[in-house]
Amino acid sequence: MQLYTITDWLGLVPFCFVFGFGILGFVQMIKRRSFLKVDYSILVLGGFYLIVMAAYILFEIFVINYRPVLIGESLEASYPSSTTMLVMCVMPTAIMQLNTRMKKKVLREICSLQSET
């Protein structure tokens with residue numbers, strides 16, 4: 001049960017990134033006084049995140065498979081894993097955005113997953 005609780009809380013990490021990029025886009029919209037003047041990459045990212053959220057909700061409503069173990073007193077959806085889906089969709093796009101937005105090379109290298117060969 002502890003592992004379930006830990007992964008449940010870690011599932012909030014992608015939401016923090018989505019929220020952060022949403023705030024970034026909102027601030028750009030306010031400063032630039034137009035929705036159309038928000039960076040194109042932020043607009044595309046927002047659209048992608050909306051599609052991911054729709055898929056997340058879809059798989060919570062239309063369950064393909066249930067967990068083999070009862071948690072609480074009810075069956076829970078287990079496939080596709082909503083936490084895994086969120087992490088695999090949000091984190092790579094967050095890394096791409098952060099790499100293009102970070103000014104200091106050291107920070108980019110720390111956050112980058114690319115290895116030098």
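Begin by selecting isoleucine 57, which is partly exposed at a relative accessible area of 48%, and keep in mind from the outset that the model on screen is predicted. The residue sits in helix α3, which covers residues 40-61. Extend the selection to Leu58, Ile61 and Phe62, and you have, together with Ile57, a nonpolar patch on the surface whose members contribute about 430 Å² of accessible area together.

Turn next to the charged contacts, of which the structure holds 2 that are salt bridges. Select aspartate 39 and arginine 32, which form one of them, with the closest N and O atoms 2.8 Å apart. Aspartate 39 is partly exposed at 23% relative accessibility, and arginine 32 is also partly exposed, with a relative accessible area of 35%.

Keep aspartate 39 selected and add arginine 101, since the two residues form a salt bridge in which the closest N and O atoms are 3.1 Å apart. This pair links distant parts of the chain, for arginine 101 belongs to helix α4 (residues 82-101) while aspartate 39 lies in the loop between α2 (12-32) and α3, and the two are 62 residues apart. Arginine 101 counts as partly exposed because its relative accessible area of 26% falls between the limits of 20% for buried and 50% for exposed. With Arg32, Asp39 and Arg101 displayed together, you have a single network, joined by salt bridges that share partners.

The last stop is the aromatic residues, where a search of the whole structure finds 2 pairs. Select phenylalanine 15 and tyrosine 56, an edge-to-face pair with 6.3 Å from centre to centre and 90° between the planes. Here, too, distant parts of the chain are linked, with phenylalanine 15 in helix α2 and tyrosine 56 in helix α3, 41 residues apart. Phenylalanine 15 is partly exposed at 32% relative accessibility, and tyrosine 56 is partly exposed at 23%.

Then move to phenylalanine 48 and tyrosine 49, whose aromatic pair is tilted, with 6.1 Å from centre to centre and 45° between the planes. Which of these two rings belongs to a buried residue? Tyrosine 49 is buried, with a relative accessible area of 4%, and it is classed this way because buried means under 20%. Phenylalanine 48, by contrast, is partly exposed at 33% relative accessibility.

Note on methods: Residues numbered from 1 in each chain as written. Predicted model: local features only at pLDDT ≥ 70, side-chain atom pairs only at ≥ 80, totals over all residues. Heavy atoms only, no water. Patch = residues over 30% accessible without salt bridge, like charges linked within 9 Å, V, L, I, M, F, W, Y side chains within 5 Å. Areas by Shrake-Rupley, 256 points an atom, 1.4 Å probe, with all protein chains shown as cover. Salt bridge = Lys/Arg side-chain N within 4 Å of Asp/Glu carboxyl O. Helix = DSSP H or I, 4+ residues; strand = E, 2+ residues; numbered from the N terminus. Buried < 20%, exposed > 50% of the residue type's maximum accessible area, 1.4 Å probe, protein only. Phe/Tyr/Trp six-rings, centres within 6.5 Å; stacked < 30°, edge-to-face > 60°.
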